[in-house]
Amino acid sequence: MKKLINDPQDVVVETLEGFALAHADLVQVHTDPAYVTRTGGAVPGKVGLVSGGGSGHEPLHAGFVGVGMLDAAVPGAVFTSPTPDQIAPAIAAADGGAGVLTIVKNYTGDVLNFETAAELAEVEGITVRQVLVNDDVAVEDSLYTAGRRGVAGTVAVEKIAGAAAERGDDLDAVAALARRVVDNVRSMGLALTACTVPHVGRPSFDLGDDEIEIGIGIHGEPGRHRVGLEPADALTEKLLTPVVEDLGLTGGEQVLLLVNGMGGTPASELYVVYRRARALLAERGIEVTRSLVGNYVTSLEMQGASVTVLRLDDELTALWDAPVHTAALRW
């Protein structure tokens, strides 16, 4: 195992220390327990947004703390859910008096721990709503979850819900918009190589030099099936087709297209995937009106990519376009 780390047990702590130093204008990193909040704290009268999950997916979630997105993020150990005693103070810190929405990827540990933390917050008088993200079309059940997994579609949920909260929507309205995004976003990914969890020290699964894992999650778990090495255009079609079919997209609709890197894939290759995905959508008469390409929801150093499509309408487009200023996303 070769990584730019010191002691494998200190990776998350040292990552947060560096993140705090690099982005002190945007975030404050709290320790014991660990969570990240906006600099300046909760905004009075605004719905707070909190998300989190295991580390190893950077920039998700701490990289999306800031104006127009999250008020707080809670990082667990690598590929391990944060605990309720981390999440509860993050919810409290995000509460500006209008309640808090938690955005939770559909993994069993995350769901249970966020629910427990919400109960603790409710005891303290904070109103909490929860939205589950389950955009992965690859598998119904996996090592980490019952039902579909939450993957790169989480970025769209956090961005659009964050914009709704920023414009002053109340808690139920922000939650309803988040659920609308969940209902209209789908993703699917592939891996060229497995990733290595620092404290484990070996790849999470074995993959031959001439093999591709289709339908992987973001925790290094195996996917739907394994295929031989093929050109990028053919692999892109294997990702996009089930996404489009699951959404039931038809000609004339407008979408956001996100091509997400899994952590170890060059930007040049992501644009090759984007190029083909865009062409495939055009062949179906589907118009891509918004795009995002880069590493946003990763799996450590895994080489691979995912394709996410969000069905847009005028309101969702306007909320996507609304100003955002975070470490990883800003316009």
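**Exercise 1. The largest cavity**

Find how much space lies in the largest cavity of this predicted model, and describe its lining.

*Solution.* Start with the volume: the largest cavity holds about 70 Å³ of space. Next, place that value in the search of the whole structure, which finds 2 cavities of 30 Å³ or more. Now walk around the wall. Asp136, Val151 and Ala152 belong to the lining, as do Ser187, Met188 and Gly189. Ile216, Ile218, Asn260, Met262, Val297 and Ser306 complete the lining. Then ask which element gives the largest share: strand E8 (residues 185-191) does, with 3 residues. Finally, sort the lining by class, which gives 7 nonpolar, 4 polar and 1 charged. Asp136 is a lining residue, and Asp counts as charged.

**Exercise 2. The largest pocket**

Give the volume of the largest pocket, then work out which residues and elements line it.

*Solution.* The volume comes to about 570 Å³. A total of 32 residues line this pocket. To find its centre in the viewer, look for Val11, Thr15, Gly56, Glu58 and Leu300, the lining residues that lie nearest to it. Next, list the elements that give two or more residues to the lining: helix H1 (11-22), strand E3 (48-55) and strand E5 (72-78). Of the contributors, H1 gives the most, with 6 residues. As a last step, divide the lining by class: 16 residues are nonpolar, 10 are polar and 6 are charged.

**Exercise 3. Helix H4 with helix H5**

Determine how H4 and H5 are oriented to each other, and say what kind of residues meet between them.

*Solution.* A handy reminder before you begin: two packed helices are described by the angle between their axes and the distance between the axes. Helix H4 covers residues 153-166 and helix H5 covers residues 171-183; their axes come within 9 Å and cross at roughly 155 degrees. Angles over 145 count as roughly antiparallel, so H4 and H5 are roughly antiparallel to each other. As for handedness, H4 passes H5 in a right-handed crossing. On the H4 side, the contact uses Ala156, Val157, Ile160, Ala161, Ala164 and Ala165. On the H5 side, their partners are Val174, Leu177, Ala178, Val181 and Val182. By class, this contact has 11 nonpolar residues, with no polar and no charged ones.

**Exercise 4. Helix H4 with helix H8**

Now take H4 against helix H8 (residues 314-321), and find the angle and the residues in contact.

*Solution.* The axes lie 8 Å apart and the helices pack at an angle of about 90 degrees. That makes H4 roughly perpendicular to H8. H4 brings Ala156, Lys159, Ile160, Ala163 and Ala164 to the contact, while H8 brings Leu316, Leu319 and Trp320. Sorting these residues gives 7 nonpolar, no polar and 1 charged. Looking back, Ala156, Ile160 and Ala164 of H4 also meet H5.

**Exercise 5. Helix H6 with helix H7**

Classify the crossing of H6 and H7, and sort the contact by residue class.

*Solution.* Helix H6 (residues 232-247) and helix H7 (residues 267-283) have axes that come within 9 Å and cross at roughly 50 degrees. H6 and H7 are therefore oblique to each other. Their crossing is right-handed. H6 supplies Ala232, Asp233, Thr236, Glu237, Leu240 and Val244. H7 answers with Val272, Val273, Arg275, Arg276, Ala277, Leu280 and Leu281. The tally is 8 nonpolar, 1 polar and 4 charged.

Technical notes: Residues are numbered from 1 along each chain as its sequence is written. This is a predicted model: local features need pLDDT of at least 70, side-chain atom pairs count only at pLDDT 80 or more; totals for chains, interfaces and linings use all residues. Side-chain values use heavy atoms; hydrogens and water are left out. Axes are lines fitted to C-alpha atoms, for helices over the stretch in contact, and angles run from 0 to 180 degrees between N-to-C directions. Helices (H or I, at least four residues) and strands (E, at least two) are DSSP runs, numbered from the N terminus. Angles under 35 degrees count as roughly parallel, over 145 as roughly antiparallel, 65 to 115 as roughly perpendicular and the rest as oblique. A crossing is left-handed if the near helix is turned anticlockwise from the far one by less than a right angle, and right-handed if clockwise. Contact means heavy atoms within 4.5 Å. On a 1 Å grid over the protein atoms alone, a cavity is a set of points where a 1.4 Å probe fits but cannot get out, and a pocket is an open set with protein on both sides within 12 Å along at least five of seven lines; lining residues have an atom within 4 Å of a point. Grid points are joined across faces, edges and corners, and a volume is the space filled by probe spheres set on the points.
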